[in-house]
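Work through the exercises below with the model open. Try each task before reading its solution.

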Amino acid sequence: MTESFTTSTLSPALLQATHGVDVPEDPWPGFAQRERRHRRTRLVRAAVAAAVGVALVGVQTNVVPLPGWAPGIAVAAGPAALLDAPPRGSLAGDRAWLETLRERISTDTPLGGGSRDGIWKVGDRDRIRLLYGSDQPGHRVALVAVPLRFGLLTKEALVWYVGPAGTDARQMHYAGHSEDVAEPVMTLMQAEPDRGGFAVVIGPVDSTVTISGEPRYTPRGTLEYQDLARADGSGVGIAVLPAAPLPGEPVVRVSHGDHVLFQGGLGGGPYAGVDPTGPEMTALLTTARRGARGTPMDDANLRNYIEMALVDSRLPAAGTTVRVRWSGNEHGQAAALLTVQPPGGGVIAYARHGDERTGWWTDLRLLLPAEGADRRPIGWRIREDNGTRPSTEQVRVIAPPDAARVTVTVGGAPPAPVPLDASNAGTTRIPLDQSAVFTAYGADGRVLGTAPLPPVETEMSGLPGDSPATRVTA
């Protein structure tokens, strides 16, 4: 029935439809013509794309010039605390001087990888802005925001320029720049042996800036600084540096109320430093071992431990007293508790572990009052996995040489004994959220000394004694 329906009904209809279709005898010419048209279209599109690509490459590599005012893609945002602040310093209102400096920067600048032929070029010169400009002792200093462009990419750099005091802008020369937008602070230090120099720190307008020189660890266990900075407007610190080399880097601190915005060393000057192979260090190795308990440490490791402690505390090798209170091992690595003390000053305890093969880690920095420092038990949390993970509940305790026993008081719990080995070292467990106090007793039962378990330091940018976590004295 299906075949009969197809033959009788569909065949005539299909036959009639095919007669209505106009099919040329030779379809090839029409197909060839359409293909040539499509090919021309594809070639034109490819040429346009190639031209655009070449232009973009030329723009991006600065071969094809792009006007400085043309919009670009910002790859980094500058620190708003500085960029959004009004100009500061005595040169802030000198428009003619700034205009000359703009010309100087736009025609001759070493930005871009440290060379004049760097990939980053100065953008719109009219957008060069003075953030700070003033005369310092013997110098004129300016901090400017310079727009940079690399093809379609744009960013801003904060650039220092320095010249003789009172000089014309044409005599200013490049003195460094920063494209790091993480910190809202810019610093500049210039000092030469036998000539002295200066340091300038620019922070947010409403911040307090201090520049501190040589530290002083007082006998009562507090840290004081030699104040080098003088105020020159809100958020600006200026220090006049002596001609003699400083014992260590000046410390910069920028704060807003109780919140510290920035703290760190100020590089760029001649420092006395510590000579790890000098005669003073060799003498320290000999005296440091006197009375040491535990497993003796090899010279190379001990030299490194002492050098680290002197550098961290910014103390010279000459005149400083170093004592190894205990040496042994942690996690199969060398470990030691040592103390350093400047003449007439407080005592700084350092606990470290590690070696040259695996690296070194500082587990404790604690400033103690000089009186009774050698009678205090000292404890610190043992770090996990060679110091790369947070500290654990396990605590190492080193008792004084003449201590018969040590107890630990955790929170409001009664005192608990801490077992000690032959070197007067012991371990105990203290929950991470609990504070504790160690007490050492003599053979006659009298109290020799006490010391708290310090909180774990998460940031070691300051000096020991600079924070509650690194001192005993409140």
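Three exercises follow, on strands, aromatic rings and charges over rings.

This is a predicted model, in which local features need pLDDT of at least 70, side-chain atom pairs count only at pLDDT 80 or more, and totals for chains, interfaces and linings use all residues. Residues are numbered from 1 along each chain as its sequence is written, and side-chain values use heavy atoms, without hydrogens and water.

**Exercise 1.** Determine how strand 5 is covered and in which sense strand 5 and strand 6 pair.

Solution. Strands are DSSP runs of E, at least two residues, numbered from the N terminus. Strand 5 spans residues 153-164. Of its 12 residues, 10 are buried (under 20% relative accessible area, 1.4 Å probe, protein chains only). Strands pair if DSSP finds at least two bridges between them. Strand 5 and strand 6 (residues 173-178) are antiparallel, with five bridges. Tyr161 faces Tyr174 of strand 6 across this pairing.

**Exercise 2.** Classify the ring pair of Tyr161 and Tyr174.

Solution. Rings of Phe, Tyr and Trp (its six-membered ring) pair with centres within 6.5 Å; planes under 30 degrees apart are stacked, over 60 edge-to-face, the rest tilted. One aromatic pair results. The centres of Tyr161 and Tyr174 are 6.4 Å apart and the planes at 80 degrees, so the pair is edge-to-face. Tyr161 is in strand 5 and Tyr174 in strand 6, so the pair ties together parts 13 residues apart in sequence. Now check exposure. Tyr161 is buried at 1% relative accessible area. Tyr174, at 27%, is partly exposed (between 20% and 50%).

**Exercise 3.** Which rings lie under Arg352 and Arg405?

Solution. The test wants NZ of Lys or CZ of Arg within 6 Å of the ring centre and within 35 degrees of the ring normal. Arg352 sits over the face of Tyr305, 5.2 Å from the ring centre. Arg405 sits over the face of Tyr441, at 4.0 Å.

Terms used:
Helix = DSSP H or I, 4+ residues; strand = E, 2+ residues; numbered from the N terminus.
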